[in-house]
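Student: I have a model open and would like to learn how to read its helices. Please take me through a few of them.

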Amino acid sequence: MAGSPPRVSSEEARAIWSLLFACALVLLPRLAVFPWSENLYGDAVVRTELAQRWLQNPHWIAHMDDGAFQYGPLHVYLVAGALALGIDREDAGRWVSLLFGVLTVLPLWSLSRRLGGAQAAWWATAGFALWGMHIQMSTTAGSESVGLFF
């Protein structure tokens, strides 16, 4: 019937719910440590400062000396977007990392399911959810979780 929304099969619905559950499974341990994580390593503070400077004068970052230096522009744009939404400077990069850290489960799930089936996807997700290094990367303002996603 014209104008009707497309019907979702039960298999598609199950896949969507599985992905949402997988995202929640990855999100929970990261949220548990988020209040206590701090930007005490690497270049997280510098990246936030660069994003804040860029936000004062938004422009296309075309080369290294154009505002991102050796870091590359994508993370600067993303953190600037979080700052533009009003997220506190101390937390903007951390929220970007958390978002992309959790979203990383989507390609992981898809690839694992394609190569090894649903059980492999669940095992991969469970391991990823509890991977300490990624929990740390997803709760501080470094660019590692963004880089892993892409």
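Tutor: What follows covers three topics: helix length, buried faces and helix packing. This is a predicted model, in which local features need pLDDT of at least 70 and side-chain atom pairs count only at pLDDT 80 or more, while totals for chains, interfaces and linings use all residues. Residues are numbered from 1 along each chain as its sequence is written, and side-chain values use heavy atoms, leaving out hydrogens and water.

Student: What span should the twelve residues of α5 have at 1.5 Å a residue?

Tutor: Helices are DSSP runs (H or I, at least four residues), numbered from the N terminus. The expected span is 1.5 Å times one less than the number of residues. For α5 (residues 105-116) that gives 16 Å, and the end C-alpha atoms are 15 Å apart, which agrees.

Student: Which residues of α5 are buried?

Tutor: Buried means under 20% relative accessible area and exposed means over 50%, with partly exposed in between (1.4 Å probe, protein chains only). In α5 the buried residues are Val 105, Trp 109 and Ser 112. Viewed down the axis of α5, they fall within an arc of 75 degrees, so they line one face of the helix; the arc is that of the directions from the helix axis to the C-beta atoms. The face turned away from the buried side carries exposed Leu 111, Arg 114 and Leu 115.

Student: What covers the buried residues of α5?

Tutor: Contact means heavy atoms within 4.5 Å. The cover includes α1 (10-33), α4 (89-103) and α6 (118-129).

Student: Where are the exposed residues of α6?

Tutor: In α6, Ala 121, Thr 125, Phe 128 and Ala 129 are buried. These cover an arc of only 95 degrees around the axis, which puts them on the same side of α6. Gln 119 and Trp 123 are exposed on the other side.

Student: At what angle do α5 and α6 pack?

Tutor: Two packed helices are described by the angle between their axes and the distance between the axes. Axes are lines fitted to C-alpha atoms, for helices over the stretch in contact, and angles run from 0 to 180 degrees between N-to-C directions. For α5 and α6 the angle is about 145 degrees, with the axes 7 Å apart.

Student: What about α1 and α4?

Tutor: The axes of α1 and α4 come within 9 Å and cross at roughly 145 degrees. Cys 23, Val 26, Leu 27, Arg 30 and Leu 31 in α1 meet Leu 98, Gly 101 and Val 102 in α4.

Definitions and conventions
Helices (H or I, at least four residues) and strands (E, at least two) are DSSP runs, numbered from the N terminus.
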